[in-house]
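Biologist: I am new to this structure and would like a close look at a single part of it. Please take me through that part slowly.

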Amino acid sequence: MSIENVRQHLKKFKLEKRIVEHEEVGDTVEHAAQVLGCDEKQIAKSLTFSINSAPILIVLAGDAKVDNQKFKAFFHTRPKMLLFKDVEKLIGHVPGAVTPFAVKKNVKIYLDKSLSRFPYVYTAGGSLNSTIKLSMIELEKYVEHNGWIDVTKGWALN
């Protein structure tokens, strides 16, 4: 029911009709880019971590990778990804469908600098076959985030 939670969350902003359900599964950056016919870097992937036993979610560009040194400098601990089996319970979405919308209340959300180079990106829509296209202004406005951070590497400003 994660997609319905996302739909209800986006309804507050009159964006619920922006969720697109596809026939194909887009559970990875590669699959989502194929389904959408876009570059992988335009997929906003949501990675989940545990910081001092609390779940966090970082939204980053599809071509970015977490830089361990930057992560540790910002969070004062090494990155520890949530276990696959714990993602739904702690975040509110199944792996492959994690989106920054309609997550559990105690989850801190961060937007990574790697996203800022695009006019728009595609996020998961709460199911393995749904997406939402959002401008950077919309992403920043409608995601209840804790700020922009710079914890990635492997992407270029283009």
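Which backbone oxygen does the side chain of H93 reach?

Modeller: This is a predicted model, in which local features need pLDDT of at least 70 and side-chain atom pairs count only at pLDDT 80 or more, while totals for chains, interfaces and linings use all residues. Residues are numbered from 1 along each chain as its sequence is written, and side-chain values use heavy atoms, with hydrogens and water left out.

The side chain of H93 reaches the backbone oxygen of F101 at 2.8 Å, a polar contact, that is, a pair of N or O atoms within 3.5 Å, where within protein one must be able to donate a hydrogen and the other to accept it, and where residues adjacent in sequence count only if both atoms are side-chain atoms. H93 lies in the loop between α4 (84-91) and β5 (108-112), the helices (H or I, at least four residues) and strands (E, at least two) being DSSP runs numbered from the N terminus. With a relative accessible area of 0%, H93 is buried, a term for under 20% relative accessible area, as opposed to exposed at over 50% and partly exposed in between (1.4 Å probe, protein chains only).

As for its surroundings, when residues up to four places away in sequence are not counted, H93 touches S2, V6, V87, E88, V98, T99, F101, A102, V103 and G126, contact meaning heavy atoms within 4.5 Å. F101, whose backbone oxygen the H93 side chain reaches, is thus also named among the residues that H93 touches.

Elsewhere, strand β2 (residues 44-51) has 7 of its 8 residues buried, so this strand is largely enclosed by the rest of the structure.
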